[in-house]
Amino acid sequence: MVDDVSITPWEVSGSLGDTDYSRIATEFGAKVIDAGLKKRISEFTGDLHPFLLYDVFYAHRDLDLLLDAYSRGESFYLYTGRGPSGKMHLGHLLPFMFTRWLQEKFNVDLIIQITDDEKFLFRDLGRDDLEKYTNENVLDILSLGFIPEKTHILIDSRNSGLLYNNAIKVARHINVSLAKAVFGFSDSDNVGKYFFTSIQAVPSFILSEIKGKSVRCLIPYAIDQDPHFKVARDVIPKIGWQKPSSIISKFIPSLKGTGKMSSSDENSGIYLDDDRRTVRRKLMKYAFSGGRDTAEEQRKFGANPDIDFAFNVFRLLEQNPSVVGKVYEEYKTGKILSGEMKAMTADRISDLLEELMARRDDVRNHIGEYMFDPEKF
Ligand code: TYM
């Protein structure tokens with residue numbers, strides 16, 4: 001809990017601004033990504049992804065050390081994940097879009113953990129729902145286009161032996177009072193919850209276990225997942241492996257401007273199966289606007305793009321910084337009206353979603369090839 005803002009993997013409350021995010025990163029013990037580190041990243045990647053350029057991925061743990069090791073010839077793998085509790089929204093897609101970029105730039109293996117067990121313990125979901133969301137979410141994620149032979153989907157319930165035997169190594173080092181302090185559990189929480197963070201820690205050292213030597217790992221996620229990895233980083237050296245590094249993002253806010261885009265409010269977010277009309281309607285009706293009340297005032301005084309949902313999403317989906325700069329100026333000076341800004345962003349979002357939909361069948365036909373298999377490493 002940081003003043004009025006509470007962040008755990010299961011609940012985020014309070015409204016977060018840029019200063020809150022920096023404060024949270026520092027209080028959690030992560031570091032903010034500064035201009036020097038961005039430059040360092042671009043030396044390896046050639047360019048900077050918009051999520052780095054506009055500080056969406058804004059904090060890290062030991063990313064500098066990982067890059068040092070990489071430049072000495074030591075490779076790494078990527079690890080990220082999804083808890084299949086329902087349909088995915090645009091916010092959930094963000095870490096996967098960024099991970100895809102990292103995979104392409106560094107040409108490395110990627111493990112994607114699907115924590116259906118987590119959602120069984122934390123949500124009132126039965127086996128059928130979990131199975132359905134697991135299958136749908138995996139297709140959503142893979143349709144982003146990862147490198148097939150380097151992408152490994154690890155579904156917890158289907159890899160329970162491997163996970164359990166490694167999770168107990170972690171669990172032995174986590175006591176109840178630590179779990180209560182970090183995750184806010186009480187005596188009435190079920191015991192599975194206390195164990196779960198050990199399961200989420202496993203993929204961050206599983207390649208070291210499989211290969212029998214330390215392999216570095218980089219984990220992209222939004223700040224809500226950080227408590228898991230703060231704990232994991234303390235424990236993993238105790239079982240003989242290196243601490244994983246992480247790269248941490250802010251949340252895509254709710255359309256309404258406050259809080260994060262969340263599955264608990266259908267109108268707070270854009271879902272991956274929303275069609276063009278729905279996306280446009282949601283933006284027009286709900287998206288928090290930095291524009292003026294009337295077109296006349298907007299033309300005269302201009303908008304505040306910095307707080308505008310549509311503009312902020314637009315710049316994340318536009319690869320060309322000079323286009324972003326132009327739209328920023330035109331919106332700020334009243335040449336672009338609020339409704340136009342929303343329509344432009346709605347189109348960008350729908351283009352992306354349609355692209356994903358178009359790739360789903362292809363992915364479905366090859367789904368087996370993506371499943372985690374220790375023999376592949
Ligand atoms: P889950 O399914 O809640 O979220 C999946 C990923 O999306 C991030 N996220 C967001 N990012 C931006 N804006 C938002 N509004 C937003 N909401 C969620 C989450 O931080 C996460 O990265 N326990 C995890 C699954 C998991 C995992 C991991 C995640 C297992 N291993 C390793 C990251 C890294 C979960 O339930 O995520």
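In this predicted model, Asp 55 sits in the loop that links α3 to β4. Its phi angle is near 60°, a positive value in a residue other than glycine. That is worth a second look, because most residues other than glycine have a negative phi. Asp 55 is partly exposed, since its relative accessible area of 29% falls between the 20% that bounds buried residues and the 50% above which a residue counts as exposed. A positive phi of about 55° is also found at Asn 107, again not a glycine. Asn 107 belongs to the loop between α5 and β6, and with a relative accessible area of 44% it is partly exposed.

Another loop residue is His 49, placed between α2 (35-45) and α3 (50-53). Is His 49 buried or exposed? Its relative accessibility is 7%, so it counts as buried, the limit being under 20%. The side chain of His 49 reaches the backbone nitrogen of Phe 51 at 3.0 Å. Once neighbours within four places in sequence are set aside, His 49 is in contact with Met 97, Phe 98 and Trp 101.

The strands come next. An open sheet is built from seven strands, arranged in the order β3-β4-β9-β8-β5-β6-β7, with mixed pairing. Its edges are β3 (31-32) and β7 (151-155), each of which pairs on one side only. In general, strands of a sheet pair through backbone hydrogen bonds, and they may do so in parallel or antiparallel fashion. Both kinds can be followed here. Strands β4 and β9 are antiparallel and share four bridges, and Arg 61 stands opposite Ser 246 of β9. Strands β8 and β9, by contrast, run parallel and are joined by five bridges; here Ala 222 faces Ser 249 of β9. Five bridges also connect β5 (residues 76-82) with β6 (residues 110-114), and these two strands run parallel. Within that region, Leu 78 stands opposite Leu 110 in β6.

How many of the five residues of β9 are buried? Five of the five are, so β9 is largely enclosed by the rest of the structure. Ser 245, Ile 247 and Ser 249 point one way from β9, while Ser 246 and Ile 248 point the other way, and all are buried. Across the sheet lies helix α12 (residues 226-235), which spans β4 (57-61), β5, β8 (216-222) and β9 (245-249) and runs at about 155° to β8.

Helix α10 (residues 191-201) is mostly covered as well, with nine of its 11 residues buried. Among them are Tyr 194, Phe 196 and Ile 199, together with polar residues such as Lys 193 and Gln 200. Against which elements do the buried residues of α10 pack? They pack against the strands β5 and β6 and the helices α6, α8 (160-171), α9 (176-183) and α12. At the start of α10, a side-chain oxygen of Asn 190 comes to within 3.0 Å of the backbone nitrogen of Gly 192.

The model also holds a ligand, with 27 residues around it. Of these, Tyr 79, Arg 82, Glu 118, Asp 224 and Ile 252 come nearest. Several polar atoms can be picked out one by one. A backbone N or O atom of Gly 83 lies 2.8 Å from an oxygen atom of the ligand. On the side-chain side, a polar atom of Gln 113 lies 3.1 Å from a ligand nitrogen, and a polar atom of Asp 224 lies 2.6 Å from a ligand oxygen. Taken alone, the ligand exposes 680 Å², and the protein buries 98% of that. The elements giving two or more residues to the shell around the ligand are β5, α5 (90-106), α6 (116-122) and β8.

Two further helix residues complete the picture. Thr 19, in helix α1 (residues 18-28), has a relative accessible area of 64% and is exposed, because this value is over 50%. Its C-alpha atom is separated by 40 Å from that of Ser 160, a residue 141 places away along the chain. Gly 325 belongs to helix α16 (residues 321-332) and is partly exposed, with a relative accessible area of 34%. The C-alpha atoms of Gly 325 and Ala 310 are 15 Å apart, and these two residues are 15 residues apart along the chain.

Key. Residues are numbered from 1 along each chain as its sequence is written. This is a predicted model: local features need pLDDT of at least 70, side-chain atom pairs count only at pLDDT 80 or more; totals for chains, interfaces and linings use all residues. Side-chain values use heavy atoms; hydrogens and water are left out. Buried means under 20% relative accessible area, exposed over 50%, partly exposed in between (1.4 Å probe, protein chains only). Two strands pair if DSSP finds at least two bridges between them. Contact means heavy atoms within 4.5 Å. Axes are lines fitted to C-alpha atoms, for helices over the stretch in contact, and angles run from 0 to 180 degrees between N-to-C directions. A polar contact is a pair of N or O atoms within 3.5 Å; within protein, one must be able to donate a hydrogen and the other to accept it, and residues adjacent in sequence count only if both atoms are side-chain atoms. A residue is near a molecule or strand if one of its heavy atoms lies within 4 Å of it. Accessible areas come from the Shrake-Rupley method with a 1.4 Å probe; for residues, only the protein chains shown count as cover.
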